[in-house]
Amino acid sequence: MSDLKLEWKECKPETEFKNVSEKAGVYIISTKQAVDGQYEVKYVGQASNLKERAQQHWSKNEQNTELKNHIANGYAMKFSYAELASQYERDGVELFLFKYFNPVYNKCTPPAKTSLTCDLPEVRKRK
């Protein structure tokens, strides 16, 4: 099993998407919890264009109903992302993030066959 060192960046939705990379990578959507102010992971994914994918999630055309409703309710959220050019690495890291965080709004397990470990941004698992 590999241990990738990723450079995680983050932004607050909508107003800061102009700064998100247009490169390929993995991402995490998390929500600030009222109880303690910590960010809790709600969704993980990968994209060939991170900026475009972030904008899709916050558009009226978002297909994931639970995530769309969560976004529409105005929760304080952040979009954390790391660039990864290799499809193999994106697949493996996405699967690792899915298994590690068990995000509530992901509909199904990513199809990767191999999970690749990596360092994590400052967000937490669901309680």
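Two strands count as paired when DSSP finds at least two bridges between them. With that criterion in place, the sheet of this predicted model can be read residue by residue. In strand S5, methionine 77 is the bridge partner of threonine 31. That contact belongs to a longer run, for strand S3 (residues 25-32) and S5 are antiparallel and are joined by 7 bridges.

On another register of S5, strand S2 (residues 9-11) pairs with S5 through 3 bridges, again in the antiparallel sense. Here lysine 9 faces tyrosine 81 of S5, and glutamate 10 has serine 80 of S5 as its bridge partner. Strands of a sheet pair through backbone hydrogen bonds, in either a parallel or an antiparallel manner.

These pairings fit into an open sheet of 4 strands, ordered S2-S5-S3-S4, with antiparallel pairing. S2 and strand S4 (39-47) stand at the edges with a single partner strand each, so one side of each has no neighbour in the sheet. From one strand to the next, the twist averages 25°. Helix H1 (residues 50-57) packs on this sheet and touches S3, S4 and S5, and its direction makes about 35° with that of S3. Helix H3 (residues 87-101) lies across S3 and S4 and runs at about 155° to S4.

How far is S5 enclosed by the rest of the structure? Of the 7 residues in this strand (residues 77-83), 6 are buried, so S5 is largely enclosed by its surroundings. For this statement, buried means under 20% relative accessible area.

The wider architecture comprises 3 helices and 6 strands. Along the sequence, the pattern is β-β-β-β-α-α-β-α-β. Among contacts between residues at least 6 apart in sequence, 69% join residues at least 24 apart.

The interior contains separate nonpolar cores. The largest has 18 residues, and those with the most contacts inside it are Leu6, Trp8, Val26, Ile28, Val93, Leu97 and Cys118. S3, S4 and H3 each contribute at least two residues to this core, and H3 provides the largest share, 5 residues. A second, separate core of 16 residues includes Phe17, Val20, Leu67 and Met77. Met77 is also the residue of S5 that bridges to threonine 31.

Tryptophan 8, a member of the largest core, illustrates how distant parts of the chain meet. When its neighbours within four places in sequence are set aside, the contacts of tryptophan 8 include Val26, Ile28 and Leu97. Ser80, Tyr81 and Ala82 are also among its contacts, as are Cys118, Asp119, Leu120 and Pro121.

The overall dimensions complete the description. For 127 residues, a compact globule would have a radius of gyration near 14 Å, and the protein agrees with this because its value is 14 Å. Along the principal axes, the C-alpha trace spans about 40 × 30 × 25 Å. Buried residues account for 51% of the 127 residues. The exposed surface amounts to about 7100 Å², of which carbon and sulfur atoms supply 46%.

Technical notes:
Residues are numbered from 1 along each chain as its sequence is written. This is a predicted model: local features need pLDDT of at least 70, side-chain atom pairs count only at pLDDT 80 or more; totals for chains, interfaces and linings use all residues. Side-chain values use heavy atoms; hydrogens and water are left out. Buried means under 20% relative accessible area, exposed over 50%, partly exposed in between (1.4 Å probe, protein chains only). Axes are lines fitted to C-alpha atoms, for helices over the stretch in contact, and angles run from 0 to 180 degrees between N-to-C directions. Contact means heavy atoms within 4.5 Å. The radius of gyration is taken over C-alpha atoms; the globule rule is 2.2 Å times the number of residues to the power 0.38. Accessible areas come from the Shrake-Rupley method with a 1.4 Å probe; for residues, only the protein chains shown count as cover. A nonpolar core is a set of buried Ala, Val, Leu, Ile, Met, Phe, Trp, Tyr and Cys residues joined through side-chain atoms within 4.5 Å.
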